[in-house]
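Subject: Handover of a predicted model, with notes

Dear colleague,

I am passing the structure on to you below, together with some notes on what was found in it. Please read the notes with the model open beside them.

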Amino acid sequence: MKKLYSTLCLALAVILGSPAHAEIVLYCQTELATGFIKDKNTGSWRTANFNLKRYTIKFNDDYKTLSGLGSIYDYSCNQPYSFEKDFISCRSDAKDGGTFLYNLSTKRFFLSTPSYAGFVENSKKPDTDTMKAGTCQKF
């Protein structure tokens, strides 16, 4: 009986003693979307417009981690400027150059998703480099 009591106390301590980590869930809508594509006929690169997209993103409670941008990788975030506390800068954990910039006050974001097979590589099977901008609101 004493062992059962000890086990229950330990289980409750783990469950109740663990700090809850809240997530900050935002609904983001692109308002501008553009990128670079390689024309199949001419082989030249040009700008192109892309469909506007919606994202449901999640920051952890201290804005250090971001998920929900359609990647299997999270983004690591920080507040790079001591004089601009509302500015959040995130970089893809894939280390592929993807960035997400967000302002806590204006709720505006900028998402850049370059591709290794995009303009820089100039591959025979090209991928696209995209940039998207828009606004977010809390769920």
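A residue is called buried here when its relative accessible area is under 20%, exposed when that area is over 50%, and partly exposed in between, with a 1.4 Å probe and protein chains only. The model is a predicted one, in which local features need pLDDT of at least 70 and side-chain atom pairs count only at pLDDT 80 or more, whereas totals for chains, interfaces and linings use all residues. Residues are numbered from 1 along each chain as its sequence is written, and side-chain values use heavy atoms, with hydrogens and water left out.

Aromatic pairs

Rings of Phe, Tyr and Trp (for Trp, the six-membered ring) are paired if their centres lie within 6.5 Å, and a pair counts as stacked with planes under 30 degrees apart, as edge-to-face over 60, and as tilted for the rest. Searching the whole structure on these terms gives eight aromatic pairs. One of them joins Trp45 and Phe119 in an edge-to-face arrangement, with 5.6 Å from centre to centre and 80° between the planes. Because Trp45 belongs to strand S2 and Phe119 to the loop between S8 and strand S9 (129–138), this pair ties together parts that are 74 residues apart in sequence; the strands, like any helices, are DSSP runs numbered from the N terminus (E, at least two residues, for strands; H or I, at least four, for helices). Phe119 itself is partly exposed, its relative accessible area being 49%. Elsewhere, Phe59, Tyr63, Phe100, Tyr102 and Phe109 make up one aromatic cluster.

The nonpolar core

A nonpolar core is taken to be a set of buried Ala, Val, Leu, Ile, Met, Phe, Trp, Tyr and Cys residues that are joined through side-chain atoms within 4.5 Å. The largest such core has 19 residues, of which Ile57, Phe59, Leu66, Phe100 and Tyr102 touch the most other members. Two or more residues are given to this core by each of several strands, among them S1 (23–38), S3 (54–60), S5 (75–78) and S7 (99–103). If neighbours within four places in sequence are set aside, the contacts of Leu66 (heavy atoms within 4.5 Å) include Ile57, Phe59, Cys77, Cys90 and Phe100.

Strands S5 to S8

Two strands are said to pair if DSSP finds at least two bridges between them. On that basis S5 and S6 pair in the antiparallel sense over four bridges, S6 and S7 do so over five, and S7 and S8 are antiparallel over four. Between S5 and S6, Asn78 stands opposite Ser89. Between S6 and S7, Cys90 has Phe100 as its bridge partner, and Ile88 has Tyr102. Between S7 and S8, the bridge partner of Leu101 is Phe110.

S6 and S7 form a hairpin with six residues between them, in whose turn Lys95 has a positive phi of about 60°. The hairpin of S7 and S8 has four residues between its strands, and there Lys107 takes a positive phi near 65°. Four of the five residues of S7 are buried, so that strand is largely enclosed by the rest of the structure. Ser89, in strand S6, is likewise buried, at a relative accessible area of 18%. Beyond its neighbours within four places in sequence, Ser89 has contacts that include Ser76, Cys77, Pro80 and Leu101.

Charged pairs and Asp39

A salt bridge is counted when a side-chain nitrogen of Lys or Arg lies within 4 Å of a carboxyl oxygen of Asp or Glu, and by this rule there are two. In one of them the side chains of Lys58 and Glu23 meet at 3.9 Å, N to O. Lys58 lies in strand S3 and Glu23 in strand S1, so the pair ties together parts that are 35 residues apart in sequence. Lys58 is partly exposed, at 35% relative accessibility.

Arg46 and Asp39 meet in a salt bridge at 3.6 Å, N to O, and Arg46, at 41% relative accessibility, counts as partly exposed. Asp39 is placed in the loop between S1 and strand S2 (45–49). A polar atom of the Asp39 side chain lies 3.0 Å from the backbone nitrogen of Thr42. The C-alpha atoms of Asp39 and Pro126 are 9.6 Å apart, although 87 residues separate the two along the chain.

With best regards

Methods: A polar contact is a pair of N or O atoms within 3.5 Å; within protein, one must be able to donate a hydrogen and the other to accept it, and residues adjacent in sequence count only if both atoms are side-chain atoms.
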